[in-house]
Amino acid sequence: LIANFDDNDYELAIDEKRYTDALKILNNKDEKKQTVPEKELIESLKVVLEVEKFEWPKNSMAMKEDEVDPEILARVKKYYSESIKNYLGNRRTIARKVLIQILFIYPDYPKAVFFLTKGYNMPPGSFKVEDQVTKLIRRSDNYFYGGNYMKSAEDLEVLAILERQNPIVYE
């Protein structure tokens, strides 16, 4: 498989999950010509690369990936890639909620814990792990019937990531 490589297209590199290449492209650009969003993206890419390199702690209490149900592991990996995509897309609240949902279905997943610590400055204990699906369904209904359609749409956007096959979310 050959990547569609363009020396200046960092967005394409991000879409293809080549975060090191994207960071290299952005760093090669003259610092005076970098826009504010590009500078923020550089910092975000550094966090993502650090999380990607993170290795499973030897004394971790979390279940190893090979001990977890394959269906749960597949959901965790899907959610994890969505959280990276949203984090790099500067939609951090969505990524944070997805990471917390990962911790709900796979407690103490080290990459999610490390991501929350590095990317959001939220060490374990500074956030409450709860089912984001039930919380967001309830909250989006309250926002919608209260007239706050923007907040309701924001919560439904997260639910669209977490529960794609759920007919209630689809409605």
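Arg 164 sits in the loop between helix H8 (149-162) and helix H9 (167-170). The model is predicted. Leaving aside residues up to four places away in sequence, Arg 164 touches Glu 82 and Leu 159. Ser 140 is 24 residues from Arg 164 in sequence. In space, the two are 16 Å apart, C-alpha to C-alpha.

Next comes a pair of helices. How do H4 and H5 lie relative to each other? The axes of helix H4 (residues 70-88) and helix H5 (residues 92-105) cross at roughly 160 degrees. They come within 8 Å. Angles over 145 degrees count as roughly antiparallel, so H4 and H5 are roughly antiparallel to each other. Their crossing is left-handed.

Which residues of H4 and H5 meet? From H4 come Ile 72, Arg 75, Val 76, Tyr 79, Tyr 80, Ser 83, Asn 86 and Tyr 87. They meet Arg 92, Ile 94, Ala 95, Val 98, Leu 99, Gln 101, Ile 102 and Ile 105 in H5.

Now the largest pocket. About 380 Å³ of space lies in it. Its lining has 19 residues. Ile 14, Leu 41, Lys 85, Leu 88 and Gly 89 lie nearest the centre of this pocket. Helix H1 (10-15), helix H3 (36-53) and H4 each give two or more residues to the lining.

The table sets out both groups by class.

| Group | Nonpolar | Polar | Charged |
|---|---|---|---|
| Contact of H4 with H5 | 11 residues | 3 residues | 2 residues |
| Lining of the largest pocket | 7 residues | 4 residues | 8 residues |

H4 thus appears twice: H4 meets H5, and H4 helps line the largest pocket.

Note on methods
Residues are numbered from 1 along each chain as its sequence is written. This is a predicted model: local features need pLDDT of at least 70, side-chain atom pairs count only at pLDDT 80 or more; totals for chains, interfaces and linings use all residues. Side-chain values use heavy atoms; hydrogens and water are left out. Axes are lines fitted to C-alpha atoms, for helices over the stretch in contact, and angles run from 0 to 180 degrees between N-to-C directions. Helices (H or I, at least four residues) and strands (E, at least two) are DSSP runs, numbered from the N terminus. Angles under 35 degrees count as roughly parallel, over 145 as roughly antiparallel, 65 to 115 as roughly perpendicular and the rest as oblique. A crossing is left-handed if the near helix is turned anticlockwise from the far one by less than a right angle, and right-handed if clockwise. Contact means heavy atoms within 4.5 Å. Ala, Val, Leu, Ile, Met, Phe, Trp, Tyr, Cys and Pro count as nonpolar, Asp, Glu, Lys and Arg as charged, and the others, Gly among them, as polar. On a 1 Å grid over the protein atoms alone, a cavity is a set of points where a 1.4 Å probe fits but cannot get out, and a pocket is an open set with protein on both sides within 12 Å along at least five of seven lines; lining residues have an atom within 4 Å of a point. Grid points are joined across faces, edges and corners, and a volume is the space filled by probe spheres set on the points.
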